[in-house]
Amino acid sequence: MKSIQYRISVAAAALLAVVGLQSCDLDEYNPSGATADVVFSTPEGIEALVNSMYFNFRWKYFGREDPVLYLEGSTDLWLNQANQNYGQKMTRYEGLQGDVGQIANVWNRVYDDINLANSVINRIQNVPYTNPVEKAAREGEARWLRSYCYWWLVEFFGDIELRLEETSSPNFYAYRTPATEIYDKVIIPDAELACTQLQVEPIDGIMGRYTRKAAYGLLARVCLTRAAYCAEGSAEQKAFYEKALAAADYVVQNKASLGIKIYPTYDEVWRAENNKTNTEYLAVVTHSSIASNNPQAKNPNRLHCYFSPKLNGRVGIKTTADSWEYFKESNLMMPTKYFLGLFEEGDLRYETLFQEKFYANTDFEWKEDSGDLALYKKAYGPIVNKKVNEGDLALYFTRNKVSDQEKAEASYAVVDIDMLYHPSGLLKTAEEASTQIISSFPRFKKYRISDPDSDVKLLAAANGVVGFADVPIMRYAEMPLIAAEACIGLNRTADAAKYINDEIRTSRVVKPGYENAMKVSASDMTVEFILEERARELCGEWLRWFDLKRTGKLVEYCSKHNPNIGSNIQPYHALRPIPVRFLDKLLNAEEFGQNPGYDPYVVNK
């Protein structure tokens, strides 16, 4: 299958530039009239709009740093480790207000795509297509994206402006629509329509376009989220749980006909060699090895950098252009103690997702005047004059406890769980453990960019940052987890356990001999269990903040399991602040208002 890398041709790009469909900021409007009407009255014009939706969606989001901070780093699973003062407004809720640029980018750029989707939906009915299936698919792609975008915006900002028409003139007034109304009028209906309009395979064979499996997946996700807005145990809530369950179960029961193939081992899901044709991805954001095909040539996918400990320049380890076991690192996110402890002894997923042992790719000798020895002296025993040869174990960063005797006898450097964290889970300070130790943690490798046993490399050079791996934004495993959560809401706990045992805790994630220990029962089925299992299965996949909000656990879990957030987080943080840059452009800004808990918006006279 061809890739969507990104089929917005030079001609289409120029066409979009002429028409100016680029922003929903109130002072950047789309000129209507003859030019736009002519250009977008053909299938080619509609395809240009659709291509632009995909192209735009990768500019600031999946593969970039911002979502790592505000969707993963602001939760119970990850610490913003690299710089204790960096990104703290998003990851620790310290001083979070409407002036944060990354939050404004979500508002602006996601509304951008809503505008493009509106353009397609509003215009396509009058466009003559010789192939009605293609016409339906193009509309389905737009409806999928509009549903996804409004789901994101509503969950982030709450009651917001509902825009269903393309922007054709400047408008300096905005009015809020209740979140539940947006769900019921747009988010859910669009996802439902996409289920009927999208085909199993993309019409043009381009990998990355939304298809029927993505539509059912999105419908399951948004219906599950909508249930959280209902009174607990009400008939209305149960109706949404039923819809979520039906959509998720459709995917589970129709894997083969939807083109989903489950890999025999969990490791294969995340191997670089399967990235571009992954059979478990339901929706994916693609990146290209051809720089000109990316929205920003030097800023496509950098995920391989963000979840790594400090390795380069340490004991026998050097990062070079071809050191594919040690690629570029930024030390941005490290796992919390709580997260590391979630994986049971019989769970193979930990070994797939985290790397604890690192081997030297150069010779190294511990010497009295070694800078490494001075840096590590708080951690290691008498290792002076011990040699590490190329290929030897050099560093061991583990979630386990390691005895003083093992540390003393080792020729490799050890950082165990107690060196990193206090018993409470609070990360130790540089004064307590040294900067080197607190940047020494198991490496999260879900977004690997190379495979040791193949020639697949999704990065131009190991010491570079410009990667081109595709990024999943929806994966098959989410479906049985949604089904199980919906079943819990419907008091069908035995069915919930069956989804977990049959679809999640299969032999591919269970070590031999642990089959019974890893099997769950109806009595295990609680929302708390689902959150733990979603953490183990979907960690790093842009869902944790949404999960904690949906289940009402955001404050509890962040304050309890991520002591570096602690008491900073408050109930009002379940909504992000309305960007001040948006409010500044409104003539009724005070009427639109800031979200509760944040500094009230005051017109700057």
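This report covers the salt bridges, two acidic residues and the enclosed spaces of a predicted model.

## Salt bridges

The model holds 48 salt bridges. One of them joins the side chains of E192 and K243, with N and O 2.6 Å apart. E192 belongs to helix 8 (residues 179-197) and K243 to helix 10 (residues 235-253), so this pair ties together parts that lie 51 residues apart in sequence. E192 is partly exposed, at 31% relative accessibility. K243 is also partly exposed, with a relative accessible area of 31%.

Two further pairs involve residues numbered in the 490s. D495 and R492 meet through their side chains in a salt bridge of 3.0 Å, N to O. D495 counts as partly exposed at 32% relative accessibility, and R492 is partly exposed with a relative accessible area of 33%. In the other pair, K498 forms a salt bridge with D502, where the closest N and O atoms are 2.7 Å apart. Both K498 and D502 lie in helix 21 (residues 493-504); they are four residues apart, so about one helical turn separates them. D502 has a relative accessible area of 41% and is partly exposed.

## A shared network and E537

Salt bridges with shared partners also build a network, which joins E344, D347, R349, K446, R475, R505, E532, E533, R536, E537 and E541. Of these network members, E537 is described here in more detail. E537 sits in helix 23 (residues 527-538). Its relative accessible area is 2%, under the 20% limit, so E537 is buried.

The side chain of E537 makes a polar contact of 2.9 Å with the side chain of R349. Leaving aside residues up to four places away in sequence, E537 touches Y266, R349, K446, R475, A477, L481 and I504. R349, K446 and R475 from this set of contacts are also members of the network. R505 is another network member; its C-alpha atom is separated by 9.9 Å from that of E537, and the two residues are 32 apart along the chain.

## E356, a buried acid without a salt bridge

E356 is placed in the loop between strand 6 (354-355) and strand 7 (357-359). What is the nearest side chain of opposite charge to E356, and how far away is it? It is R399, at 4.7 Å. A salt bridge requires a nitrogen of Lys or Arg within 4 Å of a carboxyl oxygen, so the pair does not qualify. E356 is buried and has no salt bridge.

The side chain of E356 does have a polar contact with the side chain of T398, at 3.0 Å. Beyond residues up to four places away in sequence, E356 touches Y350, L395, Y396, F397, T398, R399, N400 and P442. R399 is thus among the residues in contact with E356, although no salt bridge is formed by E356.

## Pocket and cavities

The largest pocket contains about 560 Å³ of space. Its lining is made up of 21 residues, and E351, F354, Q355, K357 and K445 are those nearest its centre. Helix 14 (349-353) and strand 6 are the elements that each give two or more residues to this lining. Strand 6 is also one of the two strands on either side of the loop that holds E356.

There are nine cavities of 30 Å³ or more. In the largest cavity the space is about 90 Å³. The lining of the largest cavity has 13 residues, with W270, N275, Y281, K446 and R448 nearest its centre. K446 also appears among the contacts of E537 and in the salt-bridge network.

Conventions: Residues are numbered from 1 along each chain as its sequence is written. This is a predicted model: local features need pLDDT of at least 70, side-chain atom pairs count only at pLDDT 80 or more; totals for chains, interfaces and linings use all residues. Side-chain values use heavy atoms; hydrogens and water are left out. Buried means under 20% relative accessible area, exposed over 50%, partly exposed in between (1.4 Å probe, protein chains only). Lys and Arg count as positive and Asp and Glu as negative; His and the chain ends are not counted. A polar contact is a pair of N or O atoms within 3.5 Å; within protein, one must be able to donate a hydrogen and the other to accept it, and residues adjacent in sequence count only if both atoms are side-chain atoms. Contact means heavy atoms within 4.5 Å. On a 1 Å grid over the protein atoms alone, a cavity is a set of points where a 1.4 Å probe fits but cannot get out, and a pocket is an open set with protein on both sides within 12 Å along at least five of seven lines; lining residues have an atom within 4 Å of a point. Grid points are joined across faces, edges and corners, and a volume is the space filled by probe spheres set on the points.
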